[in-house]
Structure formats: structure tokens, C-alpha cells
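I opened the notebook to look through this model, from the overall fold down to single residues. My notes follow in the order I looked things up.

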Amino acid sequence: FFTLRTWWCSWREQFLHEHLFRHFKENKVEIASAITKLFPFLMSLRDRAFISEQMFDHLQEACRNLVPVNAVVYTVLSELERTFSLSLLDELFSRTNL
């Protein structure tokens, strides 16, 4: 049985998710520019399974090849956009990464 209250809560959650996703997507450059070091950023994403070990290695190699950190971070954010979630936002803006 689907009540109005259940529908409203579901709609509100979906609206919030879509709004946060759009904001994330539109501000990837700003987020990437704010991250100046890969540690602990990449390590925390890998440790919490937001990125694979293979992707982590690829990104580390890019840095060794002198790809700018903000470009590497932008690449990560673009990849994370595909699996966007509120738990991802919690990690990105956690005390560790700020």
C-alpha cells in the first residue's frame, strides 16, 4: 500500500539526489581545482571501493608522468559521476579530504 506520505518522502529524496548530482556535475572543475594533493584523496576513494585498484594504479601512473593533480582529480570525478551517490559526497567532503 503506497501512501501519500511514502510518495512524498520518495519524491523528496529523488529531488535531493538529482539536485546534488547536478550540482556535483556542474562543479567538477571547482572541486578538482580545490584538491591540490592526491593523498589522502585517492587512497580514501580506493579504500572505500569508490574506485578500483586498477583505476588507482592508472591515476598514480598519470601523476608520475607529470599529469597535473587537478587534471587527475577531474578524471576521477568524471568517473565517479557514473556511480554518483550520497555516500560518495560524504567521502569527498569528509574531514579527511578537507
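**Entry 1: the whole chain**

I started with burial: 31% of the 98 residues in the protein are buried. I keep in mind that this is a predicted model.

Next I looked up the secondary structure. I found six helices and zero strands. Along the sequence, the pattern reads α-α-α-α-α-α. Then I checked how spread out the protein is. Its radius of gyration is 16 Å, well over the 13 Å from the globule rule for 98 residues, so the protein is more spread out than a compact globule. I also took the box along the principal axes: the C-alpha atoms fill roughly 55 × 25 × 25 Å.

I then turned to the contacts with a separation of 6 or more. Of these, 72% are between residues 24 or more positions apart.

**Entry 2: helix H4**

I picked H4, residues 53-64, for a closer look. Does its length agree with its residue count? At 1.5 Å a residue, its 12 residues should span 16 Å, and I find the end C-alpha atoms 16 Å apart, which agrees.

Which residues of H4 are buried? I list Met55, Phe56, Leu59, Gln60 and Ala62. Looking down the helix axis, I see these buried residues fall within an arc of 155°, so they line one face of H4. On the face turned away from that buried side I note the exposed residues Gln54, His58 and Arg64.

I asked what covers the buried residues of H4. The cover includes helix H3 (41-47) and helix H5 (69-81).

I also checked what comes after the helix. Leu66 follows H4, and its phi is positive, near 70°.

**Entry 3: salt bridges**

Side chains of opposite charge can pair when their charged atoms come close. I searched the whole structure and found seven salt bridges. I wrote up three of them.

The first entry is Lys25 with Glu81. Their closest N and O atoms are 3.7 Å apart. This pair links distant parts of the chain: Lys25 sits in helix H1 (residues 4-26) and Glu81 in helix H5, 56 residues apart. I compared the accessibility of the partners. Lys25 is partly exposed at a relative accessible area of 44%, whereas Glu81 is buried at 15%.

The next entry is Glu53 with Arg46. Here too I read 3.7 Å between the closest N and O atoms. Glu53 counts as partly exposed at 44% relative accessibility. Arg46 also counts as partly exposed, at 24%.

The last entry is Glu61 with Arg64, where the closest N and O atoms are 3.0 Å apart. Why do these two residues lie about one helical turn apart? They are three residues apart in helix H4, which gives that separation of about one turn. Glu61 is partly exposed, with a relative accessible area of 36%. Arg64 counts as exposed at 54%.

I then looked for shared partners among the salt bridges. Lys25, Lys28 and Glu81 are joined into one network in this way.

**Entry 4: Asn97**

I moved on to Asn97, in the segment after helix H6 (86-92). Is Asn97 buried or exposed? I find 17% relative accessibility, under the 20% cut-off, so Asn97 counts as buried.

Its side chain makes a polar contact with the side chain of Ser44, at 3.3 Å. I set aside residues up to four places away in sequence and listed what Asn97 touches: Pro40, Phe41, Ser44, Glu91 and Leu92.

**Entry 5: Glu91**

Glu91 appears in that list of Asn97 contacts, and I followed it up. Glu91 lies in helix H6. At 8% relative accessibility, Glu91 counts as buried.

Which residues does Glu91 contact, leaving aside neighbours within four places in sequence? I noted Ser44, Leu45, Arg48, Phe50 and Asn97.

I also took one distance from Glu91 to Phe56. The two residues are 35 apart along the chain, and their C-alpha atoms are separated by 16 Å. Phe56 is one of the buried residues of H4 from Entry 2.

Note on methods
Residues are numbered from 1 along each chain as its sequence is written. This is a predicted model: local features need pLDDT of at least 70, side-chain atom pairs count only at pLDDT 80 or more; totals for chains, interfaces and linings use all residues. Side-chain values use heavy atoms; hydrogens and water are left out. Helices (H or I, at least four residues) and strands (E, at least two) are DSSP runs, numbered from the N terminus. The expected span of a helix is 1.5 Å times one less than its number of residues. Buried means under 20% relative accessible area, exposed over 50%, partly exposed in between (1.4 Å probe, protein chains only). The arc is that of the directions from the helix axis to the C-beta atoms. Contact means heavy atoms within 4.5 Å. A salt bridge is a side-chain nitrogen of Lys or Arg within 4 Å of a carboxyl oxygen of Asp or Glu. A polar contact is a pair of N or O atoms within 3.5 Å; within protein, one must be able to donate a hydrogen and the other to accept it, and residues adjacent in sequence count only if both atoms are side-chain atoms. The radius of gyration is taken over C-alpha atoms; the globule rule is 2.2 Å times the number of residues to the power 0.38.
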